[in-house]
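Colleague: I'm new to reading structures, and I'd like to learn one feature at a time. Please give me the general idea first, then the case in hand.

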Amino acid sequence: MDSASPGIAMTKSDKLEMAATRGQPISSATTSAEAVPTCAVNGSPSLSRKLSFGKKLMGSFKGGHHLRKTWSGNMKLDSEDVGSEASLSRASSASLSFSYSFTGFTALPEVSDTSRAFSNNENEIDLEVQETRKSLMSEPTLPIYLKFTEVRYSVVLKGITTTTEKHILHGITGSVRPGELLALMGPSGSGKTTLLSLLGGRITANIIQGSVTYNDEPYTKSLKGRMGFVTQDDVLFAHLTVRETLTYAALLRLPRTMTREQKKDRAMDAIYELGLERCQDTIIGGPFVRGVSGGERKRVCIGNEIIINPSLLFLDEPTSGLDSTTALRIIQVLHGIAKSGKTVVTTIHQPSSRLFHRFDKLILLGKGSLMYFGKASKAIKYFSSIGCSPLIAMNPAEFLLDLANGNINDVTVPSVLENKVQSKDLESNTRNGKPSPEDVHEYLVEAYEDRVADKQMRKILMPLPISEDLKATLSSQKRDWGASWWQQYSILFWRGLNERRHDYLSWMRITQVLAIAVILGLLWWKSSSTTTRGLEDQAGLLFFISVFWGFFPVFTAIFTFPQERAMLTKERAVDMYKLSAYFMARTTSDLPLDLILPIIFLLIVYFMAGLRQSIEHFFLTMFVVFLSIIAAQGLGLAIGASLMDIKKATTLGSVIVMTFMLAGGFFVQRVPVFISWLRYVSFNYHTYRLLLKVQYDRVPSSLNVTHLDNGVKEITALTVMVFAYRIMAYIFLRRMKLPN
């Protein structure tokens, strides 16, 4: 027995691990599945452990392959959990060592930093591919000192007859330096997200007072390239994989000086930095699509921002909805980012005690007022100095949130508040005995202003240890795009194609089109145009085709911009691309997908219904239907972009489509003059006339279609609609308010 581990006996697995680490050979006899008895700990007998590798593991010893890392290889212990029980942790690592599959014994690399859930070494080794990766956060960035003094924010609420002003923030002051993690904490409705948005330059409307500076300079557009902002909602494309999401972000946001391969490598660096390598080929998922877990989604959102190696990173409640372990990993990632020289500001709702101790600085808000700003480690000491101490052992964050809510249960009551309660009781002849939440809030705000506010203000107003040249770097008003217009268009085109092919080519949509096509083919089976009744039947089929492939694209395109509004707002806020490039890519990437189903539809209906059997006329029919689809799609885009609300757009779209259908020239032949202009703006009208012209060189008079020449007027009208509707949609998008 080895005496190197006093108090805990070494088992067979311990010896195997030590032999592997020292590079000693292990014979097959050593690896046999024999039970090894263990000695007693503190005089009490302990259970023996039995190790059985089995034939599979024995076979793997014969190969000369490399060491393969599994999920447990990514696990690291929190430094706060490793104390006097270190020897016990070392003993338990013997069992962890067999989560590795050995095909040739190699010494395991020691984990030097146990305070991070993911590796933060400058050179990170990926055992799976046996390559060395440079840590993304180790790259130098421009240090940014963030200061904000007496920040006030109000919104104007307009009623029917009156206008009121609601105050959200009341004179918030604070600062954060490179290398620090600042947490904004407070109950719901305290103004955390509003303050974060103001600091991140996301709010410019309503009434703003105070000063927010970055290296003593005001906010400029050049800061967008040095700032990351992770919103509370995970705004991601559901059908893209983790690697695709980060790769597209890298291609669009990283500077033009980097090559395409370098940008892709940066995306992979972010994946390994955040521990996402095992889910890099898994789709993100959404409400109806299964994908990565909640913690992985949040890390992907963080990766979208740190991929540009920002100097300043803002996060809005990154741990909401996550379990305590996953939340700890997220905060450890942020802590590591801060320690690499970045400035990190995050809001957080109710952290665990382990999360709370990761924060360098803390701002406690209550009803929009500042109750504490300073080091997080000194928050409890400060509140104890003003007479508010916990009576029982509790989570520091829970204690602070209780105070911010005005709840002083299990908390000592300051003498000032007790005297105030007694004086109120004497005046009202009642016996309350406890101060109200309003009294507690007022006391805490006044105590901070009297004791700490002036001292903190003097610290904030001290000159920064940076040169004037460094300050001037942030004062540039120039907007830097990560890619040229054509590159933006190309990247967004392929991203849109990869994202929407799952919806356009879903089995439900294909089944819908196939079913309708077969039903039409059966109802108009081998129809004939030799009789008047046969002509009328075929005209009815042609009109239905014009209506169906006008109705279908409109209601598909209506959802385009309203559904992507959150993504468009998020990406445009950081100048990821030009709106014109997005619009062109978004409208053209749908065309290949929009034209697949009509081809299948016409191949079934055209020949089953016995329409004009000629290759030339078949392709002309397909061309007319394609032109109608593109025109109808433009109308749907214009309706969706004008309202940006799915319910309103759907209602308006149904009214317009029904009007166009009624004015299409099939149901009503004699339309009053004052409303006859409707038929000329209806794509159904022009499509129906063109389909008749293709089928019958000379349209029979029995169909009551007049003034149909060679079809040039109808084609011109549809072509004008294709461009006019899209120009309208682009103008509506331009007028949509986006964050500056």
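Modeller: Let's start with Lys420, which is partly exposed because its relative accessible area is 27%. Buried means under 20% relative accessible area, exposed means over 50%, and partly exposed is in between (1.4 Å probe, protein chains only). Before we go on, note that this is a predicted model: local features need pLDDT of at least 70, side-chain atom pairs count only at pLDDT 80 or more, and totals for chains, interfaces and linings use all residues. Residues are numbered from 1 along each chain as its sequence is written, and side-chain values use heavy atoms, with hydrogens and water left out.

Colleague: Got it. Which residue forms a salt bridge with Lys420?

Modeller: General idea first: side chains of opposite charge can pair when their charged atoms come close. We call it a salt bridge when a side-chain nitrogen of Lys or Arg is within 4 Å of a carboxyl oxygen of Asp or Glu. Here, Lys420 pairs with Glu442, and the closest N and O atoms are 3.4 Å apart. Glu442 sits in helix H13 and Lys420 in helix H12 (residues 415-428), so this is a link between distant parts of the chain, 22 residues apart. Helices are DSSP runs of H or I with at least four residues, strands are runs of E with at least two, and both are numbered from the N terminus. Like its partner, Glu442 has a share of open surface: it is partly exposed at 36%.

Colleague: How many salt bridges are there in the whole structure?

Modeller: A full search turns up 17. Take Arg495 and Glu571, whose closest N and O atoms are 2.8 Å apart. Arg495 belongs to helix H15 and Glu571 to helix H19, so the pair ties together parts that are 76 residues apart in sequence.

Colleague: Are those two residues buried or exposed?

Modeller: Arg495 counts as buried because its relative accessibility is 8%, and Glu571 is buried too, at 4%.

Colleague: What is Arg495 in contact with?

Modeller: Contact just means heavy atoms within 4.5 Å. Skip the neighbours within four places in sequence, and Arg495 touches Phe237, Leu240, Tyr248, Leu252, Glu571 and Tyr577.

Colleague: And Glu571's helix, H19: which of its residues are buried?

Modeller: H19 covers residues 565-573, and its buried residues are Met567, Leu568, Lys570, Glu571, Arg572 and Ala573. They pack against helix H7 (294-306), H15, helix H20 (579-588) and helix H26 (712-735). After H19 comes Asp575, with a positive phi near 55°.

Colleague: Which residues meet in a salt bridge at 3.1 Å?

Modeller: Arg253 and Glu305, going by N to O. Arg253 is in helix H5 (residues 242-253) and Glu305 in H7, so they tie together parts 52 residues apart in sequence. Arg253 counts as buried at 12% relative accessibility, and Glu305 is buried at 3%. Salt bridges can also form a network, and here one links Arg500, Glu564, Arg586 and Asp590.

Colleague: What about charges out on the surface: which residues form a negative patch?

Modeller: Patch members have over 30% relative accessible area and no salt bridge; like charges are joined within 9 Å, and nonpolar side chains (Val, Leu, Ile, Met, Phe, Trp, Tyr) within 5 Å. Lys and Arg count as positive, Asp and Glu as negative, while His and the chain ends are left out. Each charge is placed at NZ of Lys, CZ of Arg, CG of Asp or CD of Glu. In this model, Glu446, Glu449, Asp450 and Asp454 make up a negative patch. Asp450 is in H13, which runs over residues 437-460, and it counts as exposed because its relative accessibility is 64%.

Colleague: Back to phi. Which residue in a strand has a positive value?

Modeller: Look at Glu150: it isn't a glycine, yet its phi is positive, about 50°. Glu150 is in strand E5 (residues 146-158). Another non-glycine case is Asp410, with a phi of about 65°, in the loop between helix H11 (396-404) and H12.

Colleague: Last one: how do I read the protein as a whole?

Modeller: Look at the totals. The protein comes to 26 helices and 13 strands, and 49% of its 740 residues are buried. Its exposed area, from the Shrake-Rupley method with a 1.4 Å probe and, for residues, only the protein chains shown as cover, is about 36,300 Å², with 56% supplied by carbon and sulfur atoms. Of the contacts between residues at least 6 apart in sequence, 74% join residues at least 24 apart.
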